[in-house]
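Please look at the sequence and the structure shown here, and then follow the paragraphs below, which begin with the surroundings of the ligand.

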Amino acid sequence: MTIFQKIIDREIPANIVYEDDIALAFHDVQPQAPFHVLVIPKKPIVNIATATQEDKTILGHLMLVCAEIAKMEGIAEQGYRLVTNINSWGGQSVYHLHIHLLGKRQMQWPPG
Ligand code: AMP
């Protein structure tokens, strides 16, 4: 079981900013920007590489939740970044799909 499943099950605490039937969002414990939230599905999808057609609605929902949180946080106009890491070379460390929502600073390109 991943650490994110334990957060969904309330076995370990998290600073939750948003929740509905499909998604949960909470602050990253090691923020890489002044605002760094993780948006995850309650369904244990490993990453985008393992997602199926069946997950289409969930994936779309997660993106819209990100946009809604950014709006609530007042960072939509200034801008922010969404990132999802996949497997080893993508830099994934927790094998439960998550979208990093990073904001409140200027982002750089290319990423590391
Ligand atoms: P990734 O490396 O893309 O798999 O991202 C995993 C993220 O989860 C990292 O940014 C970690 O800092 C974050 N993380 C790990 N454990 C926790 C936790 N218990 N609560 C919140 N964020 C966590």
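Which helix and which strand each supply at least two residues of the shell around the ligand? They are helix H1 (3-8) and strand E2 (23-27), where helices (H or I, at least four residues) and strands (E, at least two) are DSSP runs numbered from the N terminus. This is a predicted model, in which local features need pLDDT of at least 70 and side-chain atom pairs count only at pLDDT 80 or more, while totals for chains, interfaces and linings use all residues. Residues are numbered from 1 along each chain as its sequence is written, and side-chain values use heavy atoms, with hydrogens and water left out.

In total, 16 residues surround the ligand, each with a heavy atom within 4 Å of it, and the closest are Asp28, Asn85, Ser93, His98 and His100. The largest share of this shell, three residues, comes from H1.

Several backbone atoms approach the ligand as polar contacts (pairs of N or O atoms within 3.5 Å). A backbone N or O atom of Ser93 lies 2.7 Å from an oxygen atom of the ligand, a polar backbone atom of Gly91 is 3.0 Å from a ligand oxygen atom, and for Val29 a backbone N or O atom lies 3.3 Å from a nitrogen atom of the ligand.

The elements H1 and E2 also meet elsewhere. A search of the whole structure finds one aromatic pair (ring centres within 6.5 Å; planes over 60 degrees apart count as edge-to-face). Phe4 and Phe26 form this edge-to-face pair, at 5.4 Å centre to centre and 75° between the planes. Phe4 lies in helix H1 and Phe26 in strand E2, so the pair ties together parts that are 22 residues apart in sequence.

Terms used. A polar contact is a pair of N or O atoms within 3.5 Å; within protein, one must be able to donate a hydrogen and the other to accept it, and residues adjacent in sequence count only if both atoms are side-chain atoms. Rings of Phe, Tyr and Trp (its six-membered ring) pair if their centres lie within 6.5 Å; planes under 30 degrees apart count as stacked, over 60 as edge-to-face and the rest as tilted.
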